[in-house]
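Dear colleague,

Here is the structure that I promised to pass on to you. Please open it beside this message, so that you can follow the description as you read.

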Amino acid sequence: MNYKEIKADVVIIGGGGAALSAAINVGKDLDTLILDKGQVGKSGCSPNAHGGLAVHYKDPNDGPEIHFEDTLLSGGFLNNQDLVRILVQNTSEIVPMLERYGALFDRDEHGNLLVRRFGGHRYARSVFCGDETGHEMMNGLRREVYRLGIRYIDEAFVTRLLHDENGEIAGVFFYYLPTGEFYVVKSKAVVLATADAAGLWPAASERQRGDGIYMALMAGAEIADIEFIQYHPTHAWWPPGVRGSVSEAFRGEGGWLLNSKGERFMKRYDPENMELATRDKVSVSIMMEIRAGRGAPHGGIFASVTHLPAKYVKKRLPVIYQKYKNFGIDITKEPIEVRPRPHYLCGGVVIDENAATKVPGLFAGGAVTAGVHGANRLGSNALTDIIVFGKIAGKNAGEFARSREYHSPNKNEIEEEIKRIKEIFDKPWGEDSISIGKVRRELIELMDRDVGVIRNETGLKDAIEKLNYIKHEIAPRVTLRDKSKTFNFEVKDILELPFRIELGIASATAALMRKESRGTHFREDYPHRDDENWLKNIVFFLKDGELKVETREVELKYKKPTDFPEYAKSRSPWH
Amino acid sequence: MTAYIPEIKNPDAIYTIYIKRFNPETDAEPHWVSYKIPHVKSMTVIEALEYLQDQGIYVAFRANCREFTCGSCAMTINGKPGLACMTLLKDGMRIEPLRGYKVLRDLVVDTSFAGEKFRELELWPHLENPEARIEKVNMKVQERYKNIYSRCIECYSCLSACPQSDPESTVYPGPMWMLQIARLHEHPLDTMNRLDQADKNGVWNCAGCFECASVCPVKLSPGSLASFLRREIIKKEVGL
């Protein structure tokens, strides 16, 4: 079989904040190699995190303990409390560290860091740099990677983790997008630092395609909490050029949400708060209207400020006004179409306090993992997560690599992978061939409809059946049209298809099992939180090549729901 | 498809666009190909490219965030560098790779020079001690970080447009790098002499034509940073 072989003590998969944080912390004595499916610093979600980095307890009453509680209350107590504890106890040195790498965060004239308060945080504790916080964080991390001279390969699509004959990690296999060549990297330890899998749903950008979660599962690791997909309620939906969220400010300044009949439909769902209801409630209400056939023409719902004086809108909503203006739309004159869109999958690969997975030699940190955020992630905890757990994963992978020699990757696994990709190239376009674009669209729409904001037993069962049908009947017909080796992005999309199908099935299965509503998981047939039966994580793993699922009691090690009487009494899925 | 958008069902017009395509495996030379695209209001170039992908036509292009933050989708659109994700689609548009770089395929160019340049110019703070911390920041510097330095998305559009530089230039690397040097010059923890570095890297070669500013998708003026560095050099030389 024709492939190139290279070596690195530690391989890091990913190119965002978690990956770079991991790479920086492996240790200078080791040879570290970053493999990024895109381009380091440009790919991944980190550069687009506009909000903040929850790390600075500025208020004297605030501290790690409060941050810990806020994170659990938002996460519906499904979090791994040891991981949350690590998260909040490692915040203080993050800003000075990133600034030594070359970043700079916003301060007042006395040199004190400025902080923002995000929903669900009791105190303002998120540092920022204008609206480009994630970008500035990457500005720091990237420079440190350059300074340390860490090797990286851009556009290296890792498609499989390789084992030795004892089932330990021995390296990775990647498809090199620029040339179409196959590579095997022998390595002593591997860190998964890829994104989550929100791109299975209609995300505004599809960076999160589930690579890491799927590969970890296939390699023998456990994955959990993947029924919890976080939607942002009012994302730009139509017209297509405009992107990103239409922030809470739009509703806060008096904007209305209207259905196709021109009704302010929130009166049906939350007459007291109307448009200012909580995020999750707004998401559910919008989807209820759309489902009842009262949506806007392109599948969203109308958001309008046309009833407000144009002068007021321009003054109070300058960012949104300008954003639409750039695309030729005047929001003071016409309503826009918005819709809930997914942006974060709360679950992922199960790790312990050392960021280690079940598979010896495989570590993971950041958005690809489960446990830190439980059933619902707090805004601006994501950046904290990737820095802290990226670092822990890198450090421990380094330590593991030091104690170990190179192992030989299993030849069968390499051959299987090459065969799989070659078959995609060799398959001629035939009568029953289908192009990947069509299947992807169908999968995304299916996940959104039945495994999205509102779920019920019928829809979920239907989704599982359809996903299985696509897996067995449609996927085998997907055919590559463009057989070139150079920058073939079509083959990349085809290689991602199993991630979508398998994780889609697992997510729908977990959502069907969880007969309650909690955090981002809302079942209209079980609309209440059920702490008696469901303080449990749903965990998937492979056993003898078959996907298994089981529920596990959450270990309420430091805090339990009853420590917060008001929360415990309420059966609302949302905090 | 780099993102999901609802299917375009009722286009207001059918546009014809031209894309300069090149596949090193089959083509000796790049060549123009025309495509029909259903248009709806506010559609951008990236949606046209994604529409083609949906039809099974994979024109190779890089894209990631679609929110003008990652700088991946810079290309030459109607003769000018710009981001595909923020340039409104027009009938008859001509789309080609970013000029000045080696074309690898279709709209994908070789940008590996950027990482090398970062290392060559050592664009990270040279610390006085490994535990150095920022105590205070000049508010003007703070503002420039927020409004200029951290907003540069490194899309290389300015480098493509600059008449005074090209990626292989050893005389003047170009506007983006002046911005980067200025960034480090103003970083409170950097001790390296960046003015000297700017001087040695052709800061005087900027012609002040502001082509860079006219193409910058995030409306920065990287060439102004060359002017800023020059003023700083002069101030230092005359002992101000």
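Below is what was found, chain by chain, with a helix of chain B at the end.

Please keep in mind that this is a predicted model, and that every value here was computed from it.

Chain A has 575 residues, of which 58% are buried, and its secondary structure comes to 19 helices and 17 strands. Its C-alpha atoms fill a box of roughly 65 × 65 × 50 Å along the principal axes. Because a compact globule with 575 residues would have a radius of gyration near 25 Å, the 23 Å of chain A agrees with that expectation. If you take the contacts in chain A between residues at least 6 apart in sequence, 74% of them join residues at least 24 apart.

Chain B has 240 residues, and buried residues make up 47% of them, while its secondary structure consists of 8 helices and 7 strands. The box filled by its C-alpha atoms, again taken along the principal axes, is roughly 65 × 40 × 35 Å. Of the contacts in chain B with a separation of 6 or more, 64% are between residues 24 or more positions apart.

Within chain B, you may like to look at helix α5, residues 175-185, which is mostly covered, with 10 of its 11 residues buried. Among them are Pro175(B), Trp177(B), Gln180(B) and Arg183(B). What do the buried residues of α5(B) pack against? Their partners in chain B are the helices α2 (113-120), α4 (157-161), α6 (194-200), α7 (211-215) and α8 (222-237).

With best wishes

Conventions
Residues numbered from 1 in each chain as written. Chains lettered and ligands numbered in written order. Predicted model: local features only at pLDDT ≥ 70, side-chain atom pairs only at ≥ 80, totals over all residues. Helix = DSSP H or I, 4+ residues; strand = E, 2+ residues; numbered from the N terminus. Buried ≥ 20, exposed ≤ 12 C-beta atoms within 10 Å, placed from the backbone. Contact = placed C-beta atoms within 7 Å. Rg over C-alpha atoms; globule rule 2.2 N^0.38 Å.
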